[in-house]
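Student: I have a structure open and would like to understand the words people use for it. Could we go through some of them together?

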Amino acid sequence: MHGEYKVPGGKLVVVDVESEDGLLRRVRVAGDFFLEPDEALDAVNGALEGAPADTDAAGLAARIDAALPEGTVMYGLTSEGVGIAVRRALARATDWTDYDWQLIHEGPQSPALHMALDEVLTAEVAAGRRPPTLRVWEWASPAVIIGSFQSLRNEVDADGAARHGVEVVRRISGGGAMFVEPGNTITYSLSVPEALVQGLSFQDSYAYLDDWVLGALGDMGIRAWYQPLNDIATDQGKIAGAAQKRIVGPGGGPGAVLHHVTMSYDIDADKMLDVLRIGREKLSDKGTKSAKKRVDPLRRQTGLARETVIERMIQSFDGRYGLTDGKVTGEELARAQELARTKFGTPQWTARVP
């Protein structure tokens, strides 16, 4: 069995392993990482040899740490990263390059339709009728998107939203509220087969699916990193938030993962504060006294036009994994429009947690 895992901000770890009688056998760890001294690699392999095959990534990492020679230096590599690569090998996880990725980047659409498209396209990936898809959104109107489990009245000032013409919609994924305006926001979705994140914990899957965009930002001169559980941050502050939803496949079989990210290209902080109810507890948790300081837009950090940032992101994804132009099919659009009408555009769904 073969597993690969790119350590966030680090290097690729490759593991080849067999499982016999419930134990790991013939373990071989490799990759483009740096490790000193040389014998530390033998210690890593030896620590994994004979380990129970059901040991989780943290348990495997503990075995490795206990076996490493004193003074071992890992660069681009972590013990947990090796453990995750082992788990992915045993789960027979796939890799990004195993798929033919499709890009959808169409004209502006309503907030409710965007919510519906996420659900429909990810369900199509789960059913095997659509290839893994990167969808870049364009917004037809300003909106607040609240998480699946958030209280509507606790998160949104209804008077402020009405005053600014901001539509409020609820998505199917968890996480916090996002304030978006056309031209000021970059949003994308990944609809991927569940096999791509096999062997990863929920938290690790966020970092794994965000890694490509960190590379794209790096190419634009921004040193960004994944900040658990679901943020992308820089030295200047948070620039993006991510959310996920797992969708079960037909008949309860292997499904798909929806991973979507909203990035602040620019932001009207005063308007945001007029629409969102951002409590002191949330701000203190983020280590700042001002909501305006929580988000630092990409416009200021890159000096690039929004369209250029999006183009660079798409080029980066294409360079890593390949990408062909696609579109929402007529059938998918019809289903999404129906969902927008009967679910995402209804007060019952939006206020399901009052």
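Student: Leaving aside neighbours within four places in sequence, which residues is Ser-205 in contact with?

Tutor: Good place to start! This is a predicted model, and in it Ser-205 is in contact with Val-197, Leu-200, Gln-244 and Arg-246 once neighbours within four places in sequence are set aside. Contact means heavy atoms within 4.5 Å. Ser-205 itself sits in helix α7, which covers residues 202-219.

Student: Why is Ser-205 called buried?

Tutor: Set the value against the cut-off: buried means under 20% relative accessible area. Ser-205 has 0%, so it counts as buried.

Student: What lies 2.6 Å from a polar atom of the Ser-205 side chain?

Tutor: That is the backbone oxygen of Phe-202.

Student: Now to the strands. What makes β14 largely enclosed?

Tutor: Strand β14 runs over residues 237-247, and nine of its eleven residues are buried, so the rest of the structure largely encloses it.

Student: How do you know that β14 pairs with β13?

Tutor: Two strands pair if there are at least two bridges between them. Strand β13 (residues 231-234) and β14 have four bridges, so they pass, and the sense is antiparallel. As one example, Asp-231 has Gly-241 in β14 as its bridge partner. A hairpin through two residues joins β13 to β14.

Student: How many bridges link β14 and β15?

Tutor: Eight, again in the antiparallel sense, with β15 covering residues 256-264. Here the bridge partner of Ala-243 is His-260 in β15.

Student: What holds strands of a sheet together in pairs?

Tutor: Strands of a sheet pair through backbone hydrogen bonds, in either a parallel or an antiparallel way.

Student: In what order do the strands of the open sheet come?

Tutor: There are eight, in the order β12-β13-β14-β15-β11-β7-β6-β16, and the pairing is mixed.

Student: Why are β12 and β16 said to stand at the edges?

Tutor: β12 (225-227) and β16 (324-325) each have a single partner strand, so one side of each has no neighbour in the sheet.

Student: Is Thr-234 buried or exposed?

Tutor: Thr-234, which belongs to strand β13, has a relative accessible area of 6%. The cut-off for buried is under 20%, so Thr-234 is buried.

Student: What makes the link between the side chains of Thr-234 and Gln-301 a polar contact?

Tutor: A polar contact needs a pair of N or O atoms within 3.5 Å, one able to donate a hydrogen and the other to accept it. The polar contact between these two side chains is at 3.1 Å, so the distance fits. Gln-301 is also among the residues that Thr-234 touches beyond four places in sequence, as are Ile-222 and Trp-225.

Student: Let's step back to the whole chain. Why is the protein chain called as compact as a globular protein of its length?

Tutor: The chain has 13 helices and 16 strands. Its radius of gyration is 22 Å, close to the 20 Å given by the globule rule for 354 residues, so the description fits. Buried residues make up 52% of those 354.

Student: And how confident is the predictor, going by the mean pLDDT of the protein chain?

Tutor: The mean pLDDT is 93, and 95% of the residues reach 70 or more. Over residues 286-290, though, the pLDDT is below 50, and this stretch has seven contacts in the model beyond near neighbours in sequence.

Conventions: Residues are numbered from 1 along each chain as its sequence is written. This is a predicted model: local features need pLDDT of at least 70, side-chain atom pairs count only at pLDDT 80 or more; totals for chains, interfaces and linings use all residues. Side-chain values use heavy atoms; hydrogens and water are left out. Buried means under 20% relative accessible area, exposed over 50%, partly exposed in between (1.4 Å probe, protein chains only). pLDDT is the predictor's confidence in each residue, from 0 to 100. The radius of gyration is taken over C-alpha atoms; the globule rule is 2.2 Å times the number of residues to the power 0.38.
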